[in-house]
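Biologist: Please take one part of this model and describe it closely, setting it in the context of the whole. I should like each term explained where you use it.

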There are 2 protein chains.
Amino acid sequence: MKRYERLAHQLSELIKRGDLPPGARIPSVRAACKAWGVSPATVFRAYYLLENRGMIKARPRSGYFVSPSSGELLRRSPGTSMSTDPKTVNISDLVFEVLKTIRHAETVPLGSAFLSPALFPMARVGKSCAKVNRSTHLASMVDGLPPGYEGLRQQISLRYLMAGMTVPVDEIIITSGALEALTLSAQLLAAPGDVIVIEKPTFYAALQAIERLRLNVVEIPVDPVEGHDLDALAQALQQHPVRACWFMTSFHNPTGVTLDDSRKQALVDLLARHDVPLIEDDVYNELHFGPDPVRPAKFFDRKGLVIHCGSFAKCLAPGYRIGWAAAGRFAGRLEHAKWMTTLSASMPAQRAIADYLEHGGYERFLHKLRRELALQQSQMLDAISRYFPANTMATRSDGGYFTWVALPDHVDSIQLFQAALNSGISIAPGPIFSADGAFRHRMRLNYGYPWSARLDKAVATLGALCADESRCGAKLAGPVRPA
Amino acid sequence: MKRYERLAHQLSELIKRGDLPPGARIPSVRAACKAWGVSPATVFRAYYLLENRGMIKARPRSGYFVSPSSGELLRRSPGTSMSTDPKTVNISDLVFEVLKTIRHAETVPLGSAFLSPALFPMARVGKSCAKVNRSTHLASMVDGLPPGYEGLRQQISLRYLMAGMTVPVDEIIITSGALEALTLSAQLLAAPGDVIVIEKPTFYAALQAIERLRLNVVEIPVDPVEGHDLDALAQALQQHPVRACWFMTSFHNPTGVTLDDSRKQALVDLLARHDVPLIEDDVYNELHFGPDPVRPAKFFDRKGLVIHCGSFAKCLAPGYRIGWAAAGRFAGRLEHAKWMTTLSASMPAQRAIADYLEHGGYERFLHKLRRELALQQSQMLDAISRYFPANTMATRSDGGYFTWVALPDHVDSIQLFQAALNSGISIAPGPIFSADGAFRHRMRLNYGYPWSARLDKAVATLGALCADESRCGAKLAGPVRPA
């Protein structure tokens, strides 16, 4: 193969595979000469060959581009990775299958963990982003280093103040989303083999983190109405050398339940007596439907034992990936951990959000968002009551955007997940929220999307599937062990 | 204390501590009423009290702001955390002491790990950031999810192509800087107690990650001229169940050495025979002084065993925190790990860099940067030869921005670090680059800042300190164990 043929072959492989998609610019002749150490003639011959095959096109004074139709037939179609046949399932794979449904615009996202992007003030946040990042910022890298951009940490401290809490700026560490704050905190507080207490059901990322960190866990039940079972916690603290608790105390995912103030106080007091830190996942805090802010357990903390983890991903700007920990007495160690894992959070996003918080009208936006979510909850619960079998129960929450649905006993939610996907609908089946495959007759539904005929129809379809024992019956049970 | 007094007290504490700095806007009366559930009269009385004390000021039609002078005397001064007295030192603390010197603009940053921000095209990258993030992007959150923004992954694939390598887009996972790619890879490949091979000397973040992941390590020597000792590696692979190697094969930090092509080929072949993956830290790859790109070990990989980790932090936009892994056969597992630790990299930064790579003139900028760094190396080596004792040796590198300096035997680099800090100069003392406190007579100097009289004077001061045995003599040895 001659040199220009080899070059043409390399490029055509990329185009066929879709790595260079239709419309993409390919290197200029000058750049290509430099990159491959070949003469302009070689590059021209290679490009001429590709042009003859219809794979690329020259545009006058613009350079070469991949042809509109080129390679399209060979592109992987977005749906192929998701099998809809019954098959062996493990919980970890199932989590990713559920997560990845969000990529498919054609799938109704009732299993999604995210709010509808349409609800966010992305244009206004984008305006802040453009404004503060358009100019030169020589110091921007240094400013963003741990514990994070001070302008943003001040704004976060101010929001705590507005909710009646005094949290010093020094205690706040900016992270790449709350998930980083949570996993770094767990890693900080517990070594492999140590015991930490988690919820059952719990957020699946907590399960994954615990597996990765090789921790031992004690699960305490979270009742959809009462919340965390503090008696079970007291017992666990007696029996085990617990290093930390990882709890979501408000608008719990997946149940939606919130511990009331007196129980939060009791939780903090109990942990203080045992000197056990609380990693408090509070990412839905701003999404309260009532008029008043919901107090985190952190509010009652007098010993610096609560690491309060928050985020702008659920209430302002999801793709920006800005979260934080108000880390109490652990702030210094968490800052060091951040230095050594991802260094700083992305500076354009930190600056953009700080500017938006100061000038963008956050309070006004949140007010509107909360009303919308409360309305969407009513619409979802109403649809469930209309379309699902009579012995279905769905939780009503004071905030957030999830309902935890107890299905009739004959329904297996993993079977339902598969059957629903065949109908273009995602759900979050109960077993992904526990380590042992419990909650087979439960599912989490997302009402974070504006209500529509499409959603109504999807809930109707789910209801019909649940009524049809042959489609998603527990008797067809997959390999997941019942709780 | 009355309600308005309590409110005033809370605010004044924040102002005194500097959490609300001079000029910061404080909540509007309306927002404050809502937040604290008090009447406008209460808020007005609180603000009136603070205004009377000179702590805040009203600006017509703008609201209330912290007074310019308020609290300034009480602010922590930036230098206080850094003791310059001799004291007990442990390596981990020392690393953070070195890292944090970069925050102090008045300290000459010869110990810094970063390039001068002045060398980067921040204005042009900022223009891209403003352009692509100014408008609404409903899908931006979904687009940024693992494996990352496809537009950016295509641009990265294209850069590989320009360097003569075919790396499919599917293999590329965007991360929050290369450091995340590296630590996630190590976590993926090795469980606590497993053995991985690292370099000696090595990048201190590798040491920290290994400690956090509780891995066992075998160190193989990196010679400042020859590079990695492949015989020692072969022996380690014979003797231990090695799960991975973590190497920097080009412009190694701290020595600056680059393995030549034949030795990279030999490295890859050796690892392939043992089926051991290589985590290749290649963050300085673009900073070559010669006309041609430097091939990574990944170039020679035929088995998908090399996870090639790159970054834009060292060669384009430090504060943006965008890196990647071209993860070979481990791409799928790395993508899952990313889902479960920090989810996605920040979307505004991903979009900005993708746009810059396509339209910003990256090649032109790099060409200029490489020339500047090569010049700065000459200036630094020249100054060292003029000012340091005759028996000092400094490495000359083909890229990057570090020189690894062998000091006269009487000089202890930790003592030198302390003495230099007293003179307003930072250095990176040798012992932070190994687990056992070796390299006591070495230091790393950064030549990533444009040469200036200030730098010249700083090198002269260092040279004089090294000549003065009483100031930084090895006889005054601290508690670090000699190698």
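**A helix in its setting**

Modeller: Three domains make up chain A: domain 1 (3-66), domain 2 (90-118 + 364-467) and domain 3 (121-362), with bounds taken from an automatic or database domain assignment. This is a predicted model, in which local features need pLDDT of at least 70 and side-chain atom pairs count only at pLDDT 80 or more, while totals for chains, interfaces and linings use all residues. Residues are numbered from 1 along each chain as its sequence is written, chains are lettered from A and ligands numbered from 1 in the order in which they are written, and side-chain values use heavy atoms, with hydrogens and water left out.

The part I have chosen is helix α15 (residues 413-422) of chain A, which is largely enclosed by the rest of the structure because 9 of its 10 residues are buried. Buried denotes under 20% relative accessible area, exposed over 50%, and partly exposed the range in between (1.4 Å probe, protein chains only). Helices (H or I, at least four residues) and strands (E, at least two) are DSSP runs, numbered from the N terminus. The buried residues of α15(A) include Ile414(A), Leu416(A), Phe417(A) and Leu421(A), and also Ser413(A), Gln415(A) and Gln418(A). These buried residues pack against α4 (91-100), α16 (453-467) and α17 (469-472) of chain A, as well as strands β14 (425-426), β15 (428-429) and β16 (442-446); contact here means heavy atoms within 4.5 Å.

Elsewhere in chain A, the centres of domain 1 and domain 3, taken over C-alpha atoms, lie 49 Å apart. Cys33(A) counts as buried because its relative accessibility is 13%. In chain B, Cys466(B) is buried, at 0%. The structure holds 0 disulfides over all chains, a disulfide being a pair of cysteine sulfur atoms within 2.5 Å.

How is chain B placed with respect to chain A? A rotation of 180° with 0.0 Å of shift along its axis superposes chain B on chain A, with an RMSD of 0.1 Å; the fit is by least squares on the C-alpha atoms of residues with pLDDT of at least 70 in both copies. The two copies are therefore related as by a two-fold rotation axis. Within chain B, Ala130(B) has the C-alpha nearest the axis, at 1.8 Å. Both copies use the same surface, since 100% of the contact residues of chain B recur in chain A.
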